[in-house]
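Let's take a walk through this protein together, one region at a time. Have the viewer open and turn the model as you read.

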Amino acid sequence: MKWTGGLLLLYVGGFLLYGTLTDWTPDPIIPLEALEARPQEDAKSVISDSSLTLVTWNIGYAGLGETAYFFYDRGDFFWTDMGGVRTPENEVEAALNGAEVAVSALAADFYLLQEVDSFSRRSHYVMQIDSLRDRQPRFQAHFTKNYKNNRVPIPIFQPWDHYGYVRSGLLSMSRFKADSAVRLALPGELSWPTRLFQLDRCVLRQSYPTSWGDTLVVYNVHLSAYDDGSKKAIEMTWLRQQLIADVEAGYKVVVGGDWNQVPPGFDYARFSPLLADQFYQLEVKHDFMPPGWKWIYDPGEPTNRKAQTPYSEKESPKTLIDFFLVGPGLSIDKVQTINQQFQFSDHQPVRLQVTFQ
């Protein structure tokens with residue numbers, strides 16, 4: 001027993017030491033260059049259209065389609081089903097192909113995508129950035145990592161099948177050329193050692209000139225999950241300050257992404273009232289933003305399903321955590337959640353049309 005206990009301590013201590021020594025600590029502000037232009041790229045230098053369409057979608061690294069479950073959502077921190085850590089390659093390929101087709105078909109001016117893998121074990125090391133860009137090769141694109149880890153060591157007692165190497169982040173593509181793009185780190189830290197193997201949350205902020213003198217600022221966001229709400233509260237307070245400063249500077253602002261909470265006044269269990277005791281989502285406070293700001297979502301469709309099991313219409317809890325926040329000076333024409341029955345991801349895309357006032 002002494003040898004067993006000693007080996008266990010050595011094993012756990014080893015990956016904690018390795019995680020500490022290799023922990024990625026990005027700068028708070030990182031200017032971003034556009035990804036290398038494709039031969040077809042012809043993004044416009046300024047916005048000349050008064051009406052614009054944006055799509056936000058967490059594609060779940062193409063590993064959380066309808067047939068998949070996420071072992072971590074089941075609480076399998078130490079051990080999970082054999083082969084259950086990563087979705088089979090053919091299912092990942094099918095989900096990624098579905099995401100690619102959707103990016104082509106949804107016909108937007110801006111795509112704000114989350115959980116896009118650049119090179120990760122969980123998605124069989126496919127460069128998802130490239131395959132998604134191939135569907136809109138005329139668009140300018142920016143990418144920033146929010147998850148960079150050489151070896152995520154969970155489940156802890158399955159070292160032969162760890163979550164492993166992860167490179168993933170936010171991908172924003174636009175029909176227009178941004179005059180600035182920047183990665184802004186979200187504040188707040190998880191406790192050690194959890195923070196060694198979790199995401200380093202951030203937002204991707206871009207600004208776009210218009211032909212009539214306005215500047216449009218677009219945020220791609222993915223706020224914290226698996227926290228008790230305290231880190232998310234810090235992130236939201238910081239984000240509010242950034243957004244208010246942008247409006248005070250005279251900018252028009254749109255924020256889209258995965259908020260990991262429901263919008264103000266929304267019943268988190270609206271789509272799964274009989275399963276309300278199986279999950280919970282925090283809610284944004286009614287008075288969180290000043291007058292003139294609008295929380296925009298489609299109340300008729302869920303955007304997220306809980307992935308403890310493969311998708312089931314009756315048995316999978318569903319809620320709404322993907323939506324937009326729109327600042328003053330923009331009117332809302334239409335918002336629609338695209339119901340895909342969670343075929344390609346544990347999230348569904350949301351499409352918004354806005355007009356400059």
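A good place to begin is inside: the largest cavity is lined by L190, Q198, L199, R201, S224, A225, D227 and K231. Keep in mind that what you're looking at is a predicted model. That cavity has a volume of about 50 Å³, and the count of cavities of 30 Å³ or more comes to three.

Now for the open space. The largest pocket has a volume of about 1000 Å³. It has 49 lining residues, and the closest to its centre are F70, Y72, D73, A225 and Y226. You've already met A225, since it also lines the largest cavity. As for elements, those giving two or more residues to the pocket lining are helix 1 (2-21), strand 4, helix 4 (194-197) and strand 11 (304-305).

Strand 4 takes us to the sheets. It belongs to an open sheet of six strands, ordered 4-5-3-2-15-14, with mixed pairing. Strand 4 (140-152) sits at one edge and strand 14 (330-337) at the other, each pairing on one side only. Going from one strand to the next, the twist averages 15°. If you zoom in on the strand 4 end, you'll find strand 4 running antiparallel to strand 5 (residues 164-174), with ten bridges between them. To get your bearings there, look for K145, which stands opposite G169 in strand 5.

While you're on strand 5, look for M173, which is in that strand. Is M173 buried or exposed? Its relative accessible area is 1%, and buried means under 20%, so M173 counts as buried. Its contacts beyond four places in sequence are V103, D109, F110, Y111, L113, L132, R133, F139, Q140 and A141. For a sense of scale, the C-alpha atoms of M173 and P291 are separated by 30 Å, with their positions 118 residues apart along the chain.

One of those contacts of M173, V103, is also among the buried residues of helix 2. The full buried set in helix 2 is V92, A95, L96, G98, A99, E100, A102 and V103. Does that spacing ring a bell? An α-helix has 3.6 residues a turn, so residues three or four places apart point the same way. The cover over the buried residues of helix 2 includes strand 2 (51-58), strand 3 (110-117), helix 3 (128-133) and strand 5. Helix 2 (residues 89-105) also passes a simple ruler check: at 1.5 Å a residue, its 17 residues should span 24 Å, and its end C-alpha atoms are 24 Å apart, which agrees. After the helix comes A107, with a positive phi, near 45°.

Step back along the chain to the loop between strand 2 and helix 2, and you'll find E66. With a relative accessible area of 35%, E66 is partly exposed. Which residues does E66 touch, leaving out those up to four places away in sequence? They are R305, P310, Y311, Q341, F342 and Q343. E66 and P310 are 244 residues apart along the chain, yet their C-alpha atoms are separated by 5.7 Å.

On to the other sheet. This open sheet has seven strands in the order 1-6-7-8-9-13-10, again with mixed pairing. Strand 1 (29-31) and strand 10 (294-296) are at the edges with a single partner strand each, so one side of each has no neighbour in the sheet. Here the twist averages 20° from one strand to the next.

Strand 9 (residues 252-258) is a handy one to follow, as it shows both kinds of pairing. It runs parallel to strand 8, joined by seven bridges, and antiparallel to strand 13 (residues 322-326), joined by five bridges. On the strand 8 side, V217 stands opposite V253 in strand 9; on the strand 13 side, D258 has D322 as its bridge partner. Strand 9 is mostly covered, too, with seven of its seven residues buried.

Part of what packs on this sheet is helix 5 (residues 230-248), which touches strand 6 (180-185), strand 7 (202-209), strand 8 (215-222), strand 9, strand 10 and strand 13. The direction of helix 5 makes about 170° with that of strand 8.

Technical notes:
Residues numbered from 1 in each chain as written. Predicted model: local features only at pLDDT ≥ 70, side-chain atom pairs only at ≥ 80, totals over all residues. Heavy atoms only, no water. Pairing = 2+ DSSP bridges. Helix = DSSP H or I, 4+ residues; strand = E, 2+ residues; numbered from the N terminus. Axes fitted to C-alpha atoms, helices over the stretch in contact; angles between N-to-C directions. Expected span 1.5 Å × (residues − 1). Buried < 20%, exposed > 50% of the residue type's maximum accessible area, 1.4 Å probe, protein only. Contact = heavy atoms within 4.5 Å. 1 Å grid on protein atoms, 1.4 Å probe; cavity = no way out; pocket = protein on both sides within 12 Å on 5 of 7 lines; lining within 4 Å. Points joined across faces, edges and corners; volume = space filled by probe spheres on them.
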